[in-house]
Structures are given as structure tokens and as C-alpha cells.
Amino acid sequence: MPCALSLQGRAGLWGKCWCPNCARGADVMLLSRTPEALQAKFPECAVSDYANLSQVLQGSDLLLNLAVVNSDAGASLSAYQSVNVEFAATLAQAAQDAGVRFVNVRSTHALEAANRSAYAQSKRDGVAAVDAVGGISCISICQRFMARHS
């Protein structure tokens, strides 16, 4: 069965590290707002946009959410909330509707109650929004540090 891998923002650092490894031995479908750009980066993988998410998830066994507005973006709370909360919940709901396991990658900022930045708040709210989707098989991975390897 294929593995659906969600990448947002033209395949950031996590996606660049995970995607080549996920493609080994798995049928990977990459999801993006800009599928053409993603296809150029990963020509060996199938690519789709989010318009057909329910169809894309049919036959998949996993949806891995790497979509994020990062802490270094300097975005407004509403921009962080749009992706880190609302979009995460949308993906979780789509996974539940399709009967697909959902893996949500989150930041340690979500664990730091004293961190009052808009980013940290959006990551905490995102965890709560995903948890609020009932009946879903979900794993949240707390990413502490990501080093760039060549």
C-alpha cells in the first residue's frame, strides 16, 4: 500500500531528509500546494495537491504531516495558526475519514509552557487541534533537533 507523505512549503529541511529515505521500499505520494515545484525536486515520486486529498489517501496506510510555518518565519499569530493548527487539524480529519494512520511532527516548543511566542502557541494549539479529532490513529513525534546531513 502507498505511504502518503505531506510536505508543505516546497519541501523544507525535514522533507529533504525524509523523502529520499521514505521512497526506498514504499509507494510514496507527496502532497503540496505547489505540486509542480515538488515534482521537480523529487521526480521519482508521485505528487498531488490537496484538492484531491480524500482520493489520494485511498489505499494509503499513513499520512505524515511535515507542514509547518517555522519559528524563523517571523509570521503573525494568524499565519502560524493557519498552518500549524487549522491545516494540521484538516489533515488529521482527512486521515480519519480515509481510515489512515496519521503522524504529526511537532516541535519541542509545544512542550515549553513558558514560551509565549506566536510560534510556540501555534504548535501547542496544533497538538490540541489534532488531539480533538476523535477516533483517529495518531502519533505525534516531538522533534528536538534536526541536523543537516549530506
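# Close-up views of a predicted model

**View 1. Phe-42 is a buried loop residue.** Phe-42 counts as buried because its relative accessibility is 6%, and the cut-off for buried is under 20%. To find Phe-42, look in the loop that joins helix 2 (35-41) to strand 3 (46-48). Leu-30 is a useful partner to pick out here: 12 residues separate Leu-30 and Phe-42 in sequence, and their C-alpha atoms are 8.8 Å apart in space. Please keep in mind, here and in every view below, that this is a predicted model.

**View 2. The whole chain gives the setting for the other views.** The protein chain has five helices and six strands. Read from the N terminus on, its elements run β-α-β-α-β-α-β-α-β-α-β. The protein chain has 150 residues, of which 43% count as buried.

**View 3. Helix 4 (77-98) has a bend at Phe-87.** The bend in helix 4 is about 30°. From its first C-alpha to its last, helix 4 reaches 30 Å with its 22 residues, close to the 32 Å expected at 1.5 Å a residue. Phe-87 is itself one of the buried residues of helix 4, which also include Tyr-80, Gln-81, Val-83, Leu-91 and Ala-95. As you trace the buried positions, it helps to know that an α-helix has 3.6 residues a turn, so residues three or four places apart point the same way. After helix 4 comes Gly-99, with a positive phi near 70°.

**View 4. The largest nonpolar core has 22 residues.** Within this core, Leu-63, Leu-91 and Phe-102 touch the most other members. Helix 3 (53-57), helix 4 and helix 5 each supply at least two of its residues. Helix 4 gives the largest share, with eight residues. Another core, of six residues, lies apart from this one, and Phe-42 from the opening view is among its members, along with Val-28, Leu-38 and Cys-45.

**View 5. Helix 5 (118-131) has the span expected of it.** The 14 residues of helix 5 should span 20 Å at 1.5 Å a residue, and its end C-alpha atoms are 20 Å apart, which agrees. Its buried residues include Tyr-119, Ala-120, Ser-122, Lys-123, Arg-124 and Val-130. Gln-121 also lies in helix 5. Because its relative accessibility is 26%, Gln-121 counts as partly exposed. Try finding Gln-81 from here: Gln-121 and Gln-81 are 40 residues apart in sequence, yet 8.6 Å apart in space, C-alpha to C-alpha.

**View 6. A cavity of about 60 Å³ is the largest in the structure.** The structure holds one cavity of 30 Å³ or more. Rolling a probe the size of a water molecule over the atoms shows where empty space is left. Helix 4, strand 5 (101-107) and helix 5 each supply at least two residues of the cavity's lining. To follow the lining, look for Asn-65, Ala-67, Asn-84, Ala-88, Asn-104, Val-105, Arg-106, Lys-123, Gly-126 and Val-127. These lining residues divide into four nonpolar, four polar and two charged. Some of these names may be familiar: Asn-84 and Ala-88 are buried residues of helix 4, while Lys-123, Gly-126 and Val-127 are buried residues of helix 5.

Note on methods: Residues are numbered from 1 along each chain as its sequence is written. This is a predicted model: local features need pLDDT of at least 70, side-chain atom pairs count only at pLDDT 80 or more; totals for chains, interfaces and linings use all residues. Side-chain values use heavy atoms; hydrogens and water are left out. On a 1 Å grid over the protein atoms alone, a cavity is a set of points where a 1.4 Å probe fits but cannot get out, and a pocket is an open set with protein on both sides within 12 Å along at least five of seven lines; lining residues have an atom within 4 Å of a point. Grid points are joined across faces, edges and corners, and a volume is the space filled by probe spheres set on the points. Helices (H or I, at least four residues) and strands (E, at least two) are DSSP runs, numbered from the N terminus. Ala, Val, Leu, Ile, Met, Phe, Trp, Tyr, Cys and Pro count as nonpolar, Asp, Glu, Lys and Arg as charged, and the others, Gly among them, as polar. A nonpolar core is a set of buried Ala, Val, Leu, Ile, Met, Phe, Trp, Tyr and Cys residues joined through side-chain atoms within 4.5 Å. Buried means under 20% relative accessible area, exposed over 50%, partly exposed in between (1.4 Å probe, protein chains only). The expected span of a helix is 1.5 Å times one less than its number of residues. The bend at a residue is the angle between axes fitted to the seven residues ending there and the seven starting there.
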